[in-house]
Amino acid sequence: MPAKGYVDIIVDACKGCGLCVTNCPTQCLDLKKDDTNSYGYHYSYMADEDKCIACMNCAVMCPDSVITVYKKTG
Amino acid sequence: MGEIRFMKGNEALAEAAIRAGMQGYFGYPITPQSEVIEYLAAEKPNHNYTLLQAESEVASINMVYGGAAAGSRVMTTTSSPGYSLMQEGVSYIACAELPCVIANIARGGPGLGTIQPGQGDYFQAVKGGGHGDYRLIVLAPNSVQEMVDFTILGFDLADKYRTPVLVLSDGAIGQMMEKVVLPEPKQYNPDKPWATTGKTHDRERNYITSLYIQSEHMEKKNIELQKKFDLIEKNEIRYEEYKTEDAEVIIVAYGVTSRSSKKVVDLAREGGIKMGLLRPITLWPFPKERISELAASDRVKSFFSVEMSAGQMVEDVKLAVNGKKPTYFYGRTGGIIPTPEEIIDFIKTKV
């Protein structure tokens, strides 16, 4: 099934707390273990882009409001 | 009532410093503390303070030394490896009896360590840290609100006792966002007759040093310092208790682990274990008398120290308990915050 949504993350504002990863119901997100942002944090990214269902749990949970979720139309 | 904002711990600390009338900030960026200097840089055009990014932590602490000697309200912030670099300067400032605030947004160590929160700097913070006989007043916030309160309190205590004050926070408190109530900005009017602001005709020159070549002079200075530390120990002990009135098991925890521990207390009480939390707010002076008092009571059966270290504060808890009751330690290192569930699982194996 194609992804219903796209998660946009402001990489340099992410502190790698992992709340979005824990709360993603489809295990779409993960922390980037082999890269860091300018602060040195392993930031969150879409590990499996096909799994996003645009539920916005990640955006609601994010304590620093760095996540925007886009719903795919058509 | 002051202004209510939703802020990150580090930003709240920076805003609190501005509102406390800080006149100079000297620092060097280091994760997880960098937001402090970023916030102060962004706010600089609206306020009247000196802001300088030094070339290193060694430079920044010595700039603080200079600023404090000139009678200014000054501050620096850093994280664990940076605070290690600062130790020489901190010792000098303590000996020269100058007021300043230092915030250590601690991360996991040793070495360059990790950038996640840690409490492995406890020994360094409360036992002195640098060389020689000195102590710092160490305040340990456990919420973003306390980052604000303790920064302001820190400046006031520093001025009151003419001593450096350390705000020992951690990466979790520094990075988390919470609601804060900010107090009204204060106009800072220092009364510092000792400051090196230039000799006037009606007094002798002011002289600030930490060098005492003659042993007798050095010892005299040490005796003066110890008198001051005794006074601080007498007046400034702060701690918070949660459900300790009828507790049989006492958890001692500070900073972010005290928040996990608070949850542990509630979970344990649901499961029938009468537990209570004692949270030292001043890590030095440590609330050892209160712990001794609890240890002496028949009701209390055991003590647990929960930390993000390999076992540091537990030594002070043990000294205060003084063998009267068993004292256990649970800790995680490397930037991992212990969860309430794992703490309670550990406690259940012991009680």
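These exercises look at backbone details in chains A and B of a predicted model.

In this predicted model, local features need pLDDT of at least 70, side-chain atom pairs count only at pLDDT 80 or more, and totals for chains, interfaces and linings use all residues. Residues are numbered from 1 along each chain as its sequence is written, while chains are lettered from A and ligands numbered from 1 in the order in which they are written.

**Exercise 1.** Find the residue that a cis peptide bond joins to Thr31(B), and place it in chain B.

*Solution.* Start at the bond. Thr31(B) is joined to Pro32(B), with omega about 5 degrees. Next, place the proline. Pro32(B) sits in the loop between strand 2 (24-27) and helix 2 (35-43) of chain B. Helices (H or I, at least four residues) and strands (E, at least two) are DSSP runs, numbered from the N terminus.

**Exercise 2.** Do likewise for Trp284(B).

*Solution.* The cis peptide bond leads to Pro285(B); omega is about -5 degrees. Pro285(B) lies in the loop between strand 12 (282-284) and helix 10 (288-296) of chain B.

**Exercise 3.** Is Ala54(A) buried, exposed or partly exposed?

*Solution.* First, the backbone. Ala54(A) is not a glycine, yet its phi is positive, near 60 degrees. Its loop runs between strand 3 (44-46) and helix 2 (57-61) of chain A. Now the cut-offs. Counting other C-beta atoms within 10 Å of a residue's own, 20 or more means buried, 12 or fewer exposed, and in between partly exposed; C-beta atoms are placed from the backbone. Ala54(A) is partly exposed because it has 15 C-beta neighbours inside 10 Å.

**Exercise 4.** Classify Ser65(A) by its C-beta neighbours.

*Solution.* Ser65(A) has a positive phi, near 50 degrees. It is in the loop between helix 2 and strand 4 (67-71) of chain A. It has 12 C-beta neighbours inside 10 Å, so Ser65(A) counts as exposed.
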